Amino acid sequence: TGAAESGGTKTTSQSTTVTSSTHPDQNAWYNQKKADISWSARSSQGYSFSFDQSASTTPSAAVTSTTKKSYDIANDGVWYFHVRAKFSSGWGPVAHFKIQVDTVPPESFKVTINQEGGTKNLTPVVTFEAKDATSGIGRYEGIIDGGTPFAINSGEKLPKQKPGDHKLIIRAFDKANNARESESNSYRIEGVPAPEILNWTKIVGLLEKITFSGRANPEDTIIIYLGDEEVARFKASDHKITEKNRSIFGINIFASSDDSIVWQYTVQKNLMAGTYYFRIGYIDKNGAESELTKPLKVSVVASFIKIFGYTIPTIYLLILLLAVIAALIVIIILLLKKIKKLAQSGRGPIGFAYSKISSLFSKTEKKIDQEIDITIPESDLSKGVVREAKKDLKEKVHETMSEEKKDITDQT
């Protein structure tokens, strides 16, 4: 590289590279007042540097070998680091590095919520304007009811909320990411009325489905809750009761002056014996969410069970279970007699066969216990009767098996 005379001072075109670990981007604003700066130039003999708020300062001719420096910046604003390298051929050009600091949040500001059309407006327009003297406003966030922040600008609509009272806070950030929150602003969303429920199955047997019917607009989305759990969501028009099946539940469905329809929906969820409470709401075509109905009580009783469309008293199933146990006893006794004959003829692994039969009986016994638990609630006195009967039969089976096994063993 060549050298030149400048005002009696020899200069060179070799440049110096400057970086900052705390303020790396010269075009960005930072809210940190301590600046760490480092620099380098190939084949330099030393450096001269300075730090101020002028964009074009030339450092003095004093030479130092230092290649890094930390500064505690006194005031917010734009600052500049200036450095030049000394070479054998003269001074290199001055490198200028800009550092922008803003540690003060934006000024206080007011927020206005414009709910045009009244409290049924789901998306009010919000207006505001914050100011920041140093770096300027960078962005805004909205926070409703302490929830997740969302990006928003003045003049935009708020996100849809559920019916009820809400609190809005706008948070303004300057370009250095200092934040100022507005005061809490209250507004109310009036939900549409709860859906009209015409009827529902209030008492069902085990394995029987629960059906609801109601009136709604075709575009409404019906939502059914069991407690806090959503168990169904569907469009009303997809489950419309037609003229062909309009008499379900014995409801006299008259033509309406509006465009509403009657829907019917069967919840695909099997419930154990007990009392349950459902609530139903809907979302209209504009996205408005309704209030929920009052709890709709449904009782699932164990006194009968519905299988393949037939209603069967539970006591019949209990009798059937006991009959299965009795049949099992007969089968086991017959198998034991077969084993006895094999033993008398000197054929067959007696111990293995006996263990297999015992295992079969134990598995069947557990299965029957499960069926009793599912079919009969704890509060039903018949459960104890059935368990006692099963216990007596079990003891009889084990007694018979033990006698047969002893008889077989003695003969072998």
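**Cores, sheets and loops in a predicted model**

The largest nonpolar core takes in 44 residues, and the ones with the most contacts inside it are F212, I222, I224, W263 and F278. All of this comes from a predicted model. Take I224 as a way into that core: setting aside neighbours within four places in sequence, I224 touches F212, E229, E230, V231, A232, F234, Y265, V267, F278, R279 and I280. Two of the core residues with the most contacts, F212 and F278, thus turn up among the contacts of I224. There is also a second, separate core, this one with 18 residues, and I37, Y47, F81 and F87 are among its members.

Stepping back to the whole protein, the secondary structure consists of three helices and 27 strands. Of the 412 residues, 37% are buried. The accessible surface is about 23400 Å², with carbon and sulfur atoms contributing 51% of that area. As for the contacts with a separation of 6 or more, 64% are between residues 24 or more positions apart.

Now for the sheets. One of them is open and has three strands, running in the order β3-β5-β7 with antiparallel pairing. Its edges are β3 and β7 (68-72); each has a single partner strand, so each is left with one side that has no neighbour in the sheet. From one strand to the next, the twist averages 25°. Within this sheet, β5 (residues 34-40) pairs with β7 in the antiparallel sense, and five bridges hold the register. One bridge matches A35 with Y71 in β7.

Another open sheet of three strands follows the order β11-β12-β15, and here too the pairing is antiparallel. The edge positions go to β11 (111-114) and β15 (156-157), each of which has a single partner strand, so one side of each lacks a neighbour in the sheet. Four bridges link β11 to β12 (residues 125-128) in the antiparallel sense. In one of the pairs, I113 has V126 of β12 as its bridge partner.

The loops have their own points of interest, starting with H23. This residue sits in the loop between β3 (17-20) and β4 (29-30). With a relative accessibility of 1%, H23 counts as buried, because the cut-off for that class is under 20%. The side chain of H23 makes a polar contact with the side chain of T22, at 2.7 Å. Beyond its neighbours within four places in sequence, H23 is in contact with Y30, Q32, K34, A35, F97, I99, Q100 and V101. A35 is a familiar name on that list, being the bridge partner of Y71 in β7.

Two other loop residues stand out for their backbone angles. S43, in the loop between β5 and β6 (46-52), has a phi near 65°, a positive value in a residue other than glycine. At 58% relative accessibility, S43 counts as exposed. D145 also has a positive phi, about 55°, although it is not a glycine. D145 lies in the loop between β13 (137-144) and β14 (150-151). Its relative accessible area is 43%, so D145 is partly exposed.

Terms used:
Residues are numbered from 1 along each chain as its sequence is written. This is a predicted model: local features need pLDDT of at least 70, side-chain atom pairs count only at pLDDT 80 or more; totals for chains, interfaces and linings use all residues. Side-chain values use heavy atoms; hydrogens and water are left out. Buried means under 20% relative accessible area, exposed over 50%, partly exposed in between (1.4 Å probe, protein chains only). A polar contact is a pair of N or O atoms within 3.5 Å; within protein, one must be able to donate a hydrogen and the other to accept it, and residues adjacent in sequence count only if both atoms are side-chain atoms. Contact means heavy atoms within 4.5 Å. Accessible areas come from the Shrake-Rupley method with a 1.4 Å probe; for residues, only the protein chains shown count as cover. Two strands pair if DSSP finds at least two bridges between them. Axes are lines fitted to C-alpha atoms, for helices over the stretch in contact, and angles run from 0 to 180 degrees between N-to-C directions. A nonpolar core is a set of buried Ala, Val, Leu, Ile, Met, Phe, Trp, Tyr and Cys residues joined through side-chain atoms within 4.5 Å.
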